[in-house]
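Please open the structure in a viewer and keep the selection panel at hand. The stops below proceed from the overall fold to individual residues.

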Amino acid sequence: MAAVRGYRLLLSPWLGNACRFEPTCSRYSLAALERHGALAGTYLTVHRILRCNPWCDGGHDPVPDNPPRLFTRLLSPSVAHGAAPSPSETSHD
């Protein structure tokens, strides 16, 4: 998040406002990182930046409410919701 804030403070004023999307890519990045964490937020940010090209119309593109499916599959439901592991998941040595 510090890198995005640094970009907004130092580079964005020099580059001007040329973003094709609303919210801008830097605001989208901050929101994605806050909502979905470092890994999924970075994935969403990179995916958004890669879509920013001359063949893309842009427009309104908010941060999704749910993380990308890739990240929901990586986490089991108990880990994703912060629940304790079930008795069958714990080891009884």
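Helices and strands here are DSSP runs, numbered from the N terminus, with at least four residues for a helix and at least two for a strand. In these terms the protein follows the pattern α-β-α-β-α-α along its sequence. The model is a predicted one.

**Overall view**

Display the whole chain as a cartoon. The secondary structure amounts to four helices and two strands. Of the 93 residues in the protein, 25% are buried. Switch to a surface representation: the accessible surface comes to about 7000 Å², and carbon and sulfur atoms account for 60% of that surface. Among contacts between residues at least 6 apart in sequence, 67% join residues at least 24 apart.

**Helix 1 and its surface patch**

Select residues 2-15, which make up helix 1, and find L10 there. Is L10 buried or exposed? L10 counts as exposed, because its relative accessibility is 56% and the threshold for that class is over 50%. Extend the selection to Y7, L9, L10 and L11. These residues form a nonpolar patch on the surface, with about 420 Å² of accessible area together.

**From helix 1 to helix 2**

Next, select R5 and E34 and show their side chains. The two meet in a salt bridge, with an N to O distance of 4.0 Å. This pair links distant parts of the chain, since R5 belongs to helix 1 and E34 to helix 2, 29 residues apart. The partners can also be coloured by accessibility: E34 is exposed, at a relative accessible area of 55%, whereas R5 is partly exposed, at 45%.

Then select S26, which is placed in helix 2, residues 25-51. S26 is buried, because its relative accessible area is 12% and burial requires a value under 20%. Which residues does S26 touch, not counting those up to four places away in sequence? The answer is V4, Y7 and R8. Y7 is thus a residue to keep selected from the earlier stop, where it was one of the members of the nonpolar patch.

**The turn into helix 2**

Move to E22 and P23 and display the backbone. A cis peptide bond joins these two residues, with omega at about 0°. For context, most peptide bonds are trans. P23 lies in the loop between strand 1 (21-22) and helix 2.

Keep E22 selected and add R27. Their side chains meet in a salt bridge, at 2.7 Å from N to O. R27 is partly exposed, with a relative accessible area of 38%, and E22 is likewise partly exposed, with a relative accessible area of 38%.

**A buried salt bridge**

How many salt bridges does a search of the whole structure find? It finds five. For another of them, select D61 and R48, where the closest N and O atoms are 3.6 Å apart. D61 lies in the loop between strand 2 (59-60) and helix 3 (69-74), and R48 in helix 2, so the pair ties together parts that are 13 residues apart in sequence. Both D61 and R48 are buried. Add R51 to the selection: salt bridges that share partners join R48, R51 and D61 into one network.

**V63 in the loop**

Select V63, in the loop between strand 2 and helix 3. V63 is buried, because its relative accessible area is 10% and the limit is under 20%. Show its surroundings: not counting residues up to four places away in sequence, V63 touches Y28, A31, A32, R35 and H36. A distance label may be placed between the C-alpha atoms of V63 and L44, which are separated by 8.1 Å and lie 19 residues apart along the chain.

**Cysteines**

As a final selection, show the cysteine side chains. A disulfide is a covalent bond between the sulfur atoms of two cysteines. How many disulfides does the structure hold? The structure holds zero disulfides. C56 is in no disulfide, and the nearest cysteine sulfur, that of C52, is 7.0 Å away; the cut-off for a disulfide is within 2.5 Å. C25, also worth selecting, is buried, with a relative accessible area of 17%.

Note on methods
Residues numbered from 1 in each chain as written. Predicted model: local features only at pLDDT ≥ 70, side-chain atom pairs only at ≥ 80, totals over all residues. Heavy atoms only, no water. Buried < 20%, exposed > 50% of the residue type's maximum accessible area, 1.4 Å probe, protein only. Contact = heavy atoms within 4.5 Å. Patch = residues over 30% accessible without salt bridge, like charges linked within 9 Å, V, L, I, M, F, W, Y side chains within 5 Å. Areas by Shrake-Rupley, 256 points an atom, 1.4 Å probe, with all protein chains shown as cover.
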